[in-house]
Amino acid sequence: MLTFPDDQRLAALVGHCQKELAPLGLDPVPTDGLHITLARVGTPGVVTPGQLDSLAQDAESLLPSAFSVRAMPLAGSRGAVRLSLGPWEPLLRLHHALAKAGSSVGLAPKKPTSAFRPHLSLAYNNRRRPAAPVVETVSGLRALPPVELSVSVVQLVELRREGRTYRWDVRERVPLG
């Protein structure tokens, strides 16, 4: 997972978008919950601490150098409204390196790199609804300027749901090369 807890420009962009989306009744992602999920490798009952340590150690030598991506408003799906990310290439290289490290310790990601679609969700849909109001609101936000995000650390986390929000505990931090 990639997180950006101290990025004020990202928080401001997300806050503005969430304010505009508020009439739709989506579940906003709290500022301290903004993240990019890279790969899921297993549940806490299945992944051992030893495997996690090995994954972090193996990943360290495989990870690319630190890089930046742009978070650009906005895209949507049935489940969420999100910021698009670009360019994808460094994120795909990072995912591939993590997949290779995970495979070496028996923790291959649930999705291959070819199925990875980098994004940063800012609100989740909590019910079935017509798409038109969401599309209309999102289209008014697409012209907002992008925010540059620095990526220098990958966090291996234990993810959970608390109510309608994703929360996590960091188990390992792995710096990019």
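Which residue in β7 does Val69 stand opposite? The answer is Leu149. This is a predicted model, and a good way in is its open sheet of five strands, which runs in the order β2-β6-β5-β4-β7 with antiparallel pairing. The edge strands are β2 (27-28) and β7, each pairing on one side only.

**The β7 edge**
- Strand β4 (residues 67-76) lines up with β7 in the antiparallel sense, and the two share five bridges.
- Strand β7 (residues 147-151) shows two faces: Val147, Leu149 and Val151 sit on the covered one, while Glu148 and Ser150 are on the uncovered one.
- So Leu149, the residue opposite Val69, belongs to the covered face of β7.

**The β2 edge**
- Over here, β2 pairs with strand β6 (residues 119-124), antiparallel again, over two bridges.
- Asp27 has Tyr124 in β6 as its bridge partner.

**The helix on the sheet**
- Helix α3 (residues 89-104) packs on the sheet and touches β4, β5 (80-86) and β7.
- The direction of α3 makes about 105° with that of β4.
- How does the span of α3 check out? At 1.5 Å a residue, its 16 residues should span 22 Å, and the end C-alpha atoms are 23 Å apart, which agrees.
- Plenty of names turn up among the buried residues of α3, including Pro90, Leu91, Leu94, His95 and Leu98.
- The cover over those buried residues includes β1 (2-3), α2 (49-62) and β8 (153-162), along with β4, β5 and β7.
- Just after α3 comes Gly106, with a positive phi of about 80°.

Note on methods: Residues are numbered from 1 along each chain as its sequence is written. This is a predicted model: local features need pLDDT of at least 70, side-chain atom pairs count only at pLDDT 80 or more; totals for chains, interfaces and linings use all residues. Side-chain values use heavy atoms; hydrogens and water are left out. Buried means under 20% relative accessible area, exposed over 50%, partly exposed in between (1.4 Å probe, protein chains only). Helices (H or I, at least four residues) and strands (E, at least two) are DSSP runs, numbered from the N terminus. Two strands pair if DSSP finds at least two bridges between them. Contact means heavy atoms within 4.5 Å. Axes are lines fitted to C-alpha atoms, for helices over the stretch in contact, and angles run from 0 to 180 degrees between N-to-C directions. The expected span of a helix is 1.5 Å times one less than its number of residues.
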